[in-house]
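Dear colleague,

Please find below the structure I am handing over to you. My notes on it follow directly after.

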Amino acid sequence: GTRPFYLETIAHACRMSGTMSEAEFLRRTFARTGCGWLLDVANIYANALNFRFDPYAFIAEVVKQPDVAKRLGDLSMIPTANTPEEMAVTSSHSPG
């Protein structure tokens with residue numbers, strides 16, 4: 001049978017240049033491919049601290065595509081940092 005494919009939002013230390021936001025990129029990718037989303041809250045939180053954006057608004061922007069919320073494959077909320085300052089450097093899946 002077919003196996004589902006999922007994308008995960010990663011924590012990153014630099015912004016990519018481009019004409020669309022990461023949330024818009026994910027939303028468009030999910031709409032065009034039908035793949036699911038591994039929603040890693042710790043990674044989104046780390047990015048929100050690093051790049052000063054609202055993590056709730058980011059998630060809302062991605063799931064405003066009607067069927068994305070139905071295709072959530074997993075919800076990860078395992079932070080490895082003890083303080084917001086540490087979270088700004090690492091997340092649960094970042095090296096170091």
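I begin with a polar contact: the side chain of N43 reaches the backbone oxygen of T9 at a distance of 3.0 Å. Please note that the model is a predicted one. N43 belongs to helix α2. Its relative accessible area is 2%, and because buried means under 20%, N43 counts as buried.

**Overall architecture**

The protein contains four helices and three strands. Along the sequence these elements follow the pattern β-α-β-α-α-β-α. Of the 96 residues in the protein, 29% are buried. The exposed surface of the protein comes to about 6500 Å², with 58% of it supplied by carbon and sulfur atoms. Among contacts with a separation of 6 or more, 78% are between residues 24 or more positions apart.

**Helix α2 and its ends**

Which residues of α2 are buried? They are A42, N43, I44, A46, N47, A48 and F51. In general, an α-helix has 3.6 residues a turn, so residues three or four places apart point the same way.

At the start of α2, a side-chain oxygen of D40 comes to within 3.1 Å of the backbone nitrogen of A42.

N47, also a residue of helix α2, has a relative accessible area of 1% and is therefore buried. Leaving aside residues up to four places away in sequence, N47 touches T9, I10, A11, H12, E22, R52 and F53. T9 thus appears twice in these notes: its backbone oxygen is reached by the side chain of N43, and T9 is also touched by N47.

R52 follows α2 and is found in the loop between α2 and α3. Is R52 buried or exposed? Its relative accessibility is 74%, so R52 counts as exposed; the threshold for that class is over 50%. Its phi is near 55°, a positive value in a residue other than glycine. For context, most residues other than glycine have a negative phi.

**The largest pocket**

The largest pocket has a volume of about 580 Å³. It is lined by 23 residues, of which H12, M16, M20, S21 and E22 are the closest to its centre. The elements that give two or more residues to this lining are β1 (6-8), α1 (22-33), α2 (41-51) and α3 (55-63). The largest share, four residues, comes from α1. By class, the lining comprises twelve nonpolar, seven polar and four charged residues. Two of the residues closest to the pocket centre, H12 and E22, are also among the residues that N47 touches.

**Contacts between segments distant in sequence**

A23 is located in helix α1. With a relative accessibility of 5%, A23 counts as buried. How far apart in space are A23 and F58? Their C-alpha atoms are 6.1 Å apart, while the two residues are 35 residues apart in sequence. Not counting residues up to four places away in sequence, A23 touches F58, E61 and V62.

G36 has its place in strand β2 (residues 36-40). Its relative accessibility is 5%, so G36 is also classed as buried. With residues up to four places away in sequence left out, G36 touches F5, Y6, L7, F30 and R71. The C-alpha atoms of G36 and L7 are separated by 6.3 Å, and these residues are 29 residues apart along the chain.

A further C-alpha pair joins G36 to P4: the two are 32 residues apart along the chain and separated by 7.4 Å. P4 is found in the segment before β1. Whereas G36 is buried, P4 counts as exposed, at 60% relative accessibility.

**Points to have at hand**

- In α2, the buried residues include N43 and N47.
- The side chain of N43 reaches the backbone oxygen of T9 at 3.0 Å.
- R52, just after α2, has a positive phi, near 55°.
- The largest pocket has a volume of about 580 Å³, and α1 gives the largest share of its lining, four residues.

With kind regards

Key. Residues are numbered from 1 along each chain as its sequence is written. This is a predicted model: local features need pLDDT of at least 70, side-chain atom pairs count only at pLDDT 80 or more; totals for chains, interfaces and linings use all residues. Side-chain values use heavy atoms; hydrogens and water are left out. On a 1 Å grid over the protein atoms alone, a cavity is a set of points where a 1.4 Å probe fits but cannot get out, and a pocket is an open set with protein on both sides within 12 Å along at least five of seven lines; lining residues have an atom within 4 Å of a point. Grid points are joined across faces, edges and corners, and a volume is the space filled by probe spheres set on the points. Ala, Val, Leu, Ile, Met, Phe, Trp, Tyr, Cys and Pro count as nonpolar, Asp, Glu, Lys and Arg as charged, and the others, Gly among them, as polar. Buried means under 20% relative accessible area, exposed over 50%, partly exposed in between (1.4 Å probe, protein chains only). Contact means heavy atoms within 4.5 Å. Accessible areas come from the Shrake-Rupley method with a 1.4 Å probe; for residues, only the protein chains shown count as cover. A polar contact is a pair of N or O atoms within 3.5 Å; within protein, one must be able to donate a hydrogen and the other to accept it, and residues adjacent in sequence count only if both atoms are side-chain atoms.
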